[in-house]
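Reader: I would like a close look at one part of this model. Please take the packing of the nonpolar interior and the aromatic pairs, and keep it brisk.

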Amino acid sequence: MIHIQHQVQLKPFNTLNLDVVASHYIKVQSVNELIEALDYAEQQQLNALILSGGSNMLLPQSLDALVLHIDIQGLEMIDEDSESVKIKVGGGQIWHDFVLMTTQKGWYGLQNLALIPGLVGASPVQNIGAYGVEVGEFIELVHVYDRSEKSVKTISCADCEFAYRHSIFKDEPYRYVITHVTFKLFKTPNLKLSYGDLLKAVGNEQTPENLQKQVIQIRESKLPNPKEYPNVGSFFKNPVISRQDFNQLLTEFPLIPHYPQPHDRVKIAAGWLIDQAGWKGKRLGAVGMFEKQALVLVNYANATLIDVQHTYRHVQSDIQQKFKLRLEPEPVLFGSNGLILSHME
Ligand code: EPU
């Protein structure tokens with residue numbers, strides 16, 4: 001039997017610490033509970049909002065919806081040979097704890113992704129990435145409940161269509177609820193050290209343990225701890241533009257940090273743009289861009305979604321004016337009925 005709670009405060013469950021009251025809320029600990037809760041929402045004609053670690057969401061002050069807080073635990077070894085392991089992990093497991101555990105066991109691949117906030121189940125959605133690695137490279141299967149077919153199924157890595165901060169779960173946000181993820185990790189390390197100063201930080205001790213340690217240190221030195229400075233990580237995506245548009249930009253801004261992408265496109269560092277526009281460490285009331293990393297928006301005092309929007313729209317408009325570029329927010333924006341809103345509105 002599921003137990004629905006009413007008028008639940010979601011402040012502790014979203015890392016931006018926004019004051020959000022949900023009319024209906026349930027903690028979901030198994031696939032059966034998930035199915036029951038979705039049935040309940042349908043019967044009551046409520047929209048269902050899937051809440052994972054709450055580290056990539058912008059929620060309104062009042063939510064008239066059923067919030068399903070995914071808390072599916074568990075870790076199961078599916079397969080092991082001399083080179084690799086396949087492990088199925090509950091969507092409710094804390095991402096960083098899972099990464100630490102894999103390193104300790106000698107299962108390699110995820111070390112560059114240490115200290116990313118959030119839970120395992122959300123990791124495929126925007127294909128979390130950091131320091132030259134994206135999680136999709138190590139995902140074998142995503143286990144889902146398909147709400148349109150009303151069935152449990154698995155989606156292969158290829159069918160997830162992973163790209164920079166993107167997957168099919170972004171294209172069809174209401175269709176799938178991720179319950180578990182199966183990862184394939186390797187017993188022989190293959191360290192990815194090409195990003196920025198990582199090689200220098202790792203130095204001569206080129207081990208997965210040291211790589212993980214350095215990634216943690218770099219993140220801690222630049223990124224605000226959500227417990228101290230509530231935030232959702234990078235607030236904007238790094239814009240990816242055509243080579244032609246980039247060359248034009250380069251004539252005016254020759255120092256712009258950039259990374260070549262497939263299909264003759266170029267990714268530009270949004271943090272640099274925001275910094276150059278004078279927003280690093282700048283606040284508008286309760287909300288500002290972090291002093292050590294301009295790409296991270298921080299809630300400094302009890303901000304609401306309105307305050308957050310006030311600040312980031314200002315940043316967007318300054319960037320538009322200075323660089324003729326549109327910055328797209330990374331977190332997902334929700335309306336008071338629990339459905340996703342476009343950032344363009
Ligand atoms: N920069 C500035 N000023 C700033 C911030 C950055 O000049 O205030 C410059 C840096 O000097 C550097 C460039 O911008 O030349 C890129 O900065 P950084 O290496 O810190 O990475 P990022 O592009 O800002 C991305 C991810 C992060 C990820 C890091 C490391 C996105 C949107 N963000 O940030 O992901 O940790 O690379 O791989 O792709 C997240 O998504 O929440 C996140 C933290």
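Author: Buried means under 20% relative accessible area. Ile-256 has 1% relative accessibility, so this residue counts as buried. The model is a predicted one.

Start with the surroundings of Ile-256. Its place is the loop between helix 7 (243-252) and strand 15 (258-261). Beyond its neighbours within four places in sequence, Ile-256 is in contact with Phe-246, Leu-249, Leu-250, Ile-268, Trp-272 and Leu-273. Ser-148 is elsewhere: 108 residues separate the two along the chain, and their C-alpha atoms are 45 Å apart.

Leu-273 leads on to the core. The largest nonpolar core has 48 residues. Leu-273 is among those with the most contacts inside it, together with Leu-10, Phe-236, Ile-274 and Val-308. Helix 9 (residues 305-323) gives the most to this core, six residues. Domain 1 (5-70) and domain 3 (236-329) each supply at least three residues.

Now take Val-308. Leaving aside neighbours within four places in sequence, Val-308 is in contact with Leu-16, Leu-18, Leu-58, Phe-235, Val-287 and Leu-297. Another core lies apart from the largest one. That core has 38 residues, including Ile-116, Ile-155, Cys-160 and Phe-169.

Next, the aromatic rings. There are 14 aromatic pairs in the structure. In one of them, the ring centres of Phe-13 and Tyr-25 are 5.7 Å apart, with planes at 10°, so the pair is stacked. Phe-13 sits in the loop between strand 1 (5-9) and strand 2 (21-28), and Tyr-25 in strand 2, twelve residues apart. Their accessibility differs in class: Phe-13, at 25%, counts as partly exposed, whereas Tyr-25, at 3%, counts as buried.

A second pair involves Phe-235, a contact of Val-308. The ring centres of Phe-235 and Tyr-312 are 4.9 Å apart and the planes are at 45°, so this pair is tilted. Phe-235 is in the loop between strand 13 (231-234) and strand 14 (240-242), and Tyr-312 is in helix 9, so the pair ties together parts 77 residues apart in sequence. Phe-235 counts as buried at 0% relative accessibility. Tyr-312 counts as buried at 1%.

Rings also form a cluster: Trp-95, Phe-98 and Phe-183 make up one. Phe-183 falls within the range of strand 12 (residues 176-186). Seven bridges join strand 12 to strand 10 (residues 139-146), and the two run antiparallel. One bridge partner of this kind is Val-181 in strand 12, matched with Val-142.

Technical notes
Residues are numbered from 1 along each chain as its sequence is written. This is a predicted model: local features need pLDDT of at least 70, side-chain atom pairs count only at pLDDT 80 or more; totals for chains, interfaces and linings use all residues. Side-chain values use heavy atoms; hydrogens and water are left out. Helices (H or I, at least four residues) and strands (E, at least two) are DSSP runs, numbered from the N terminus. Buried means under 20% relative accessible area, exposed over 50%, partly exposed in between (1.4 Å probe, protein chains only). Contact means heavy atoms within 4.5 Å. Two strands pair if DSSP finds at least two bridges between them. A nonpolar core is a set of buried Ala, Val, Leu, Ile, Met, Phe, Trp, Tyr and Cys residues joined through side-chain atoms within 4.5 Å. Domain bounds come from an automatic or database domain assignment. Rings of Phe, Tyr and Trp (its six-membered ring) pair if their centres lie within 6.5 Å; planes under 30 degrees apart count as stacked, over 60 as edge-to-face and the rest as tilted.
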